[in-house]
Amino acid sequence: MRPSRRAVITTATAAAVSATSTASAAQRRRQLRTGFERLAQDGYALLANQKIGIVTNPTGITRDARHIVDVMHADRRVDLRAVFGPEHGFRGTAQAGGSEGRYDDPATGLPVYDTYLKSGRALADIFTASGVDTVVFDIQDVGARFYTYIWTLYDCMEAAQLAGKRFVVLDRPNPVTGRAALGPVLHKEFATFVGRQPISQAHGMTVAELARLFNEEFLTEAVPLETVTMSGWRRSDFYDASGLPWVPPSPNMPTPETALVYSGTCLFEGTNLSEGRGTTRPFELLGAEGVDRRWAAAANELDLPGVWFREAYFAPTFSKFQGRTIGGVQVHVHDRAAFDPVRTGIALLVTAQRVWSGFAWRPDQWIDKLTGSTLVRTMIDAGADTDEVVAGWQRELAAFRRTRRTYLLYR
């Protein structure tokens, strides 16, 4: 006899609670320490006799939620001279596509330089003007190729090499685990600030691992690089196993659950549907005017692992469809270990196009920048189903996985 839906839900919930409890107990036995925690524990020996500048944002915090810039500035063992702010800014006051500009930080008096959309010689000149010897990077990533902080890392590494600076990366967890690389690999002709180099859409790496890969595979000339690894982190760990407070890395990344779906549902930025910006559940709520219950029904029929879709209605407070009530779906991940965010994002694009006659790609073909080539767009337009689209990138993904393996630092 087939079990009832209620029984399935109860079993899945019990299993999830049991797995979470087991993971939490195991994590308590091996408490995670971030790269910064290990650096400080060692008395900042790696930074001794160096003038230090740090690339960071509100996520650069200690376990008790103090910002590492404030901590280092107050410590005589560190000669901290400058801060470099990425998109959204050092203190996080800017929305998507914005930054804070050049200013002096009121809390520390340190000069804050703006790195956003700067690269190459222009960014190298900023490092030179700051007077630092070593550039330190400490920002929480979310695991997706099109999240811009990893390309801030890349640009800063390249600029540090041009400016003759040393580069140190302080590692933090990949919040959606480091188990696997997923999704299409960027083609170089589609390189932008949402993807500088050919890595997969969900890279399954930490920033220190990415820094090692960038240095050896993509930089024209390697920068003097040192990484401070975490202790107590396993590739299978989700963010809640870390014991660290979550600080939104950007205004539309409010929770670790957002990060879990982001590498798939951010693809809706490349369409005329809302990706949920302007709601309390960005990237979990998707929709447009004219979309109804048929979308959730079509997506649920695919029986994708680890996820259910609920018919939903919402009114974004900004961005697409501002102030208008629209229909769509809410993405509910019920088994995060089984969930594949990229496959899910593709399935939602395929079903949205089939059930809603108003579906369209953004006129600037932004979807190609997000996916890294024309493959996803052209296959979906040609009527391919989810399995066919996913099959289209497997050879390139396998090659990236082989390259990636060389640079992994954790089991």
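**Where does Phe-321 lie, and between which two strands?** Phe-321 is found in the loop that runs between strand S11 (307-314) and strand S12 (326-333). This is a predicted model, as are all the views that follow. Phe-321 is not a glycine, yet it has a positive phi of about 60 degrees. Is Phe-321 buried or exposed? Its relative accessibility is 15%, so Phe-321 counts as buried.

**Figure 1. The whole protein, to get your bearings.** Start by stepping back before zooming in. The secondary structure of the protein adds up to 13 helices and twelve strands. Measure along the principal axes and the C-alpha trace spans about 70 × 50 × 45 Å. A compact globule with 411 residues would have a radius of gyration near 22 Å, and the protein has 22 Å, so the two agree. Of those 411 residues, 55% count as buried. Take the contacts between residues at least 6 apart in sequence: 73% of them join residues at least 24 apart.

**Figure 2. Leu-117, another residue with a positive phi.** Leu-117 is not a glycine either, and its phi is positive, at about 65 degrees. Look for Leu-117 in the loop between strand S4 (111-114) and helix H4 (120-130). Buried or exposed: which word fits Leu-117? With 57% relative accessibility, and over 50% being the mark for exposed, Leu-117 counts as exposed. Put this view beside the one of Phe-321, which counts as buried at 15%.

**Figure 3. Inside the largest nonpolar core.** In soluble globular proteins, nonpolar side chains tend to be buried together. Here the largest nonpolar core has 104 residues, and the ones with the most contacts inside it are Leu-153, Phe-167 and Leu-349. Which helix gives the largest share of this core? That would be helix H5 (residues 149-163), which supplies ten residues. Apart from this core lies another one, of 20 residues, including Ile-68, Phe-90, Val-136 and Leu-170.

**Figure 4. Phe-167 and its neighbours.** Now zoom in on Phe-167, one of the residues with the most contacts inside the largest core. Leaving out residues up to four places away in sequence, Phe-167 touches Val-135, Phe-137, Leu-153, Cys-156, Met-157, Ala-160, Val-223, Pro-224, Leu-225 and Glu-226. Leu-153 is worth picking out, as it is also among the residues with the most contacts in that core.

**Figure 5. The largest cavity.** Rolling a probe the size of a water molecule over the atoms shows where empty space is left. How many cavities of 30 Å³ or more are there? The count comes to three. The largest cavity holds about 60 Å³ of space. Its lining is made of Thr-59, Ile-61, Gln-140, Arg-172, Tyr-239, Pro-245, Trp-246 and Val-247. Sort the lining residues by kind and you get five nonpolar, two polar and one charged.

**Figure 6. Helix H7, mostly covered.** Helix H7 takes in residues 256-265, and eight of its ten residues are buried. Those buried residues are Thr-258, Ala-259, Leu-260, Val-261, Tyr-262, Ser-263, Gly-264 and Thr-265. What do the buried residues of H7 pack against? Their partners are strand S8 (200-202), strand S10 (285-288), S12 and H9.

**Figure 7. Glu-37, a buried residue in a helix.** Glu-37 sits in helix H2 (residues 35-41). With a relative accessible area of 14%, which is under the 20% mark, Glu-37 is buried. Not counting residues up to four places away in sequence, Glu-37 touches Leu-32 and Arg-63. Val-228 is 191 residues from Glu-37 along the chain, and their C-alpha atoms are separated by 9.5 Å.

**Figure 8. Asp-335 and Arg-234, two partly exposed loop residues.** Asp-335 lies in the loop between S12 and helix H9 (341-355). At 33% relative accessibility, Asp-335 counts as partly exposed. From Asp-335 to Pro-282 the separation is 53 residues in sequence and 20 Å in space, C-alpha to C-alpha. Arg-234 belongs to the loop between strand S9 (225-228) and H7. At 35% relative accessibility, Arg-234 counts as partly exposed too. Arg-234 and Leu-153 are 81 residues apart along the chain, with 23 Å between their C-alpha atoms.

Note on methods. Residues are numbered from 1 along each chain as its sequence is written. This is a predicted model: local features need pLDDT of at least 70, side-chain atom pairs count only at pLDDT 80 or more; totals for chains, interfaces and linings use all residues. Side-chain values use heavy atoms; hydrogens and water are left out. A nonpolar core is a set of buried Ala, Val, Leu, Ile, Met, Phe, Trp, Tyr and Cys residues joined through side-chain atoms within 4.5 Å. Buried means under 20% relative accessible area, exposed over 50%, partly exposed in between (1.4 Å probe, protein chains only). Helices (H or I, at least four residues) and strands (E, at least two) are DSSP runs, numbered from the N terminus. Contact means heavy atoms within 4.5 Å. On a 1 Å grid over the protein atoms alone, a cavity is a set of points where a 1.4 Å probe fits but cannot get out, and a pocket is an open set with protein on both sides within 12 Å along at least five of seven lines; lining residues have an atom within 4 Å of a point. Grid points are joined across faces, edges and corners, and a volume is the space filled by probe spheres set on the points. Ala, Val, Leu, Ile, Met, Phe, Trp, Tyr, Cys and Pro count as nonpolar, Asp, Glu, Lys and Arg as charged, and the others, Gly among them, as polar. The radius of gyration is taken over C-alpha atoms; the globule rule is 2.2 Å times the number of residues to the power 0.38.
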